[in-house]
Amino acid sequence: MYVITGATGNIGSKLIEIMLSKGSKVRAVGRSADKLKPFADKGAEAAIGDLSDSGFLIKTFSNATVVFSMIPPYYTARDFRAYQNEIGASIAEAIQKSGVRYVVNLSSQGGQLPDKTGPIKGLHDQEGRLNKLRDVNILHVRPTYFMENLLMFIPMIKKMNMAGSAIRGDMKFAMIATKDIAKFIAERMEKRDFSGKSVRDILGQRDVSLNEAVQIIGRKIGKPDLKYVQFSYEDAEKGLIGAGLSEDVSKLFIEMSKALNEGLFAVNLIRTPENTTETSINEFADTYAKIYTSG
Ligand SMILES: NC(=O)c1ccc[n+]([C@@H]2O[C@H](COP(=O)([O-])OP(=O)(O)OC[C@H]3O[C@@H](n4cnc5c(N)ncnc54)[C@H](OP(=O)(O)O)[C@@H]3O)[C@@H](O)[C@H]2O)c1
């Protein structure tokens, strides 16, 4: 039995599709029966509950061969780090008490850093929390910046004919499609080729700058002159708050952008066949164009 948290999200939904297509038994964890129904219709068991409820999670993780764990985003949290700690502790307790022997935990590039990385600090803390657990093999997967983050530019492109954020436009950094993350995690869950507590980085197909990514996307959506603009940290923070994120989450995102701009993570990494995945920014831009035109 493969237990998958964040089941209706970017990674979880793709992971479940891969597992179901192979005829594997899947337990999909989420808060909404309606959103889990498409997976239940294809044969997955739906586990409906909140990740902060450790009693629910102990039951949900029981008899799992392997669990995929994550701390989901909560963009309107008043205190995001407290939320991350609450969910993280609940997951850790359930792993220990359920007796599951294998866990693939979603972390991030920058997960090795204790500070200055915004929301990634919570994933660093979670790695440490899980590393203290006994009698369980835990693999922390550290993917880089998701190509899907670029979808947040759609309203701005439609309204203002430009794309922008606090991240530098000219800096190349590692970017990955979430379908590649799901494929990588599915392989690890099936092979269980990890023991003790370990880490794997995944860096996407190549490093890309936001100037280039936006140019490629612009061509695919019929806006060949589309440009990326770097906003000041102050303006970007106001923009995030205006888009509905809490003040706390907006501050943390700006801290993460600064860390990226200063090269603290996801920049100048050594690529190997093991940490490089297949989907190119060009291929992702085709998916982007479909979402752009359908929305
Ligand atoms: N974006 C990046 O560039 C990046 C890079 C590296 C790592 N990461 C990490 O990746 C993770 C996000 O992955 P993702 O994009 O696949 O997630 P996602 O698309 O935001 O999906 C998360 C899912 O978790 C479920 N969920 C949310 N709160 C929950 C709760 N309290 N209890 C139970 N389920 C809950 C939600 O489903 P329901 O609403 O149906 O419950 C949601 O569909 C985060 O930990 C982030 O830090 C992100």
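Which residue of β11 does alanine 174 stand opposite? In this predicted model, alanine 174 stands opposite aspartate 207 of β11, and that pairing belongs to a sheet described further below.

## Confidence of the model

The coordinates discussed here are those of a predicted model, in which the protein averages a pLDDT of 98 and 100% of the residues score at least 70. Among the elements of the protein, the lowest mean pLDDT, 96, belongs to helix α6, residues 154-160, whereas the highest, 99, belongs to strand β5, residues 102-106. As a general caution, where pLDDT is low, the predicted coordinates should not be read in detail.

## The three-stranded sheet

Strands β7, β9 and β11 form an open sheet in the order β7-β9-β11, with mixed pairing. In this sheet β7 and β11 stand at the edges and have a single partner strand each, so one side of each is left without a neighbour in the sheet.

The mixed character can be followed strand by strand. Strand β9, which covers residues 173-176, runs parallel to β7 and is joined to it by two bridges; here phenylalanine 146 stands opposite isoleucine 176 of β9. Between β9 and β11, the latter covering residues 207-208, there are also two bridges, but these two strands run antiparallel, and it is here that alanine 174 stands opposite aspartate 207.

## The ligand and its surroundings

The ligand is surrounded by 25 residues, of which the closest are Thr8, Asn10, Arg31, Ile71 and Asn149. By class, this shell holds twelve nonpolar, ten polar and three charged residues.

Several polar atoms of the ligand can be placed against particular residues. One ligand oxygen atom lies 2.7 Å from an N or O atom in the side chain of asparagine 149, and an oxygen atom of the ligand is 2.9 Å from an N or O atom in the side chain of lysine 35. With leucine 51 the backbone is involved instead, since a polar backbone atom of this residue is 2.9 Å from a nitrogen atom of the ligand. Taken on its own, the ligand has 930 Å² of accessible area, and the protein covers 84% of it. The elements that give two or more residues to the shell are α1 (10-21) and β7 (145-146), and β7 is also one of the edge strands of the sheet.

## Three individual residues

Serine 69 is found in strand β4, residues 66-69, and with a relative accessible area of 0% it is buried. The side chain of serine 69 makes a polar contact with the side chain of asparagine 105, at 3.1 Å.

Alanine 285, which has its place in helix α11, residues 281-294, is likewise buried, with a relative accessible area of 0%. In sequence, alanine 285 and leucine 150 are 135 residues apart, while in space their C-alpha atoms are 9.7 Å apart.

Where on the scale of exposure does proline 38 fall? This residue, located in helix α2, residues 33-41, has a relative accessibility of 46%, and because exposed would require over 50% and buried under 20%, proline 38 counts as partly exposed. Proline 38 and threonine 8 are separated by 30 residues in sequence and by 9.7 Å in space, C-alpha to C-alpha; threonine 8 is also listed among the residues closest to the ligand.

Definitions and conventions
Residues are numbered from 1 along each chain as its sequence is written. This is a predicted model: local features need pLDDT of at least 70, side-chain atom pairs count only at pLDDT 80 or more; totals for chains, interfaces and linings use all residues. Side-chain values use heavy atoms; hydrogens and water are left out. A residue is near a molecule or strand if one of its heavy atoms lies within 4 Å of it. A polar contact is a pair of N or O atoms within 3.5 Å; within protein, one must be able to donate a hydrogen and the other to accept it, and residues adjacent in sequence count only if both atoms are side-chain atoms. Accessible areas come from the Shrake-Rupley method with a 1.4 Å probe; for residues, only the protein chains shown count as cover. Helices (H or I, at least four residues) and strands (E, at least two) are DSSP runs, numbered from the N terminus. Ala, Val, Leu, Ile, Met, Phe, Trp, Tyr, Cys and Pro count as nonpolar, Asp, Glu, Lys and Arg as charged, and the others, Gly among them, as polar. Two strands pair if DSSP finds at least two bridges between them. pLDDT is the predictor's confidence in each residue, from 0 to 100. Buried means under 20% relative accessible area, exposed over 50%, partly exposed in between (1.4 Å probe, protein chains only).
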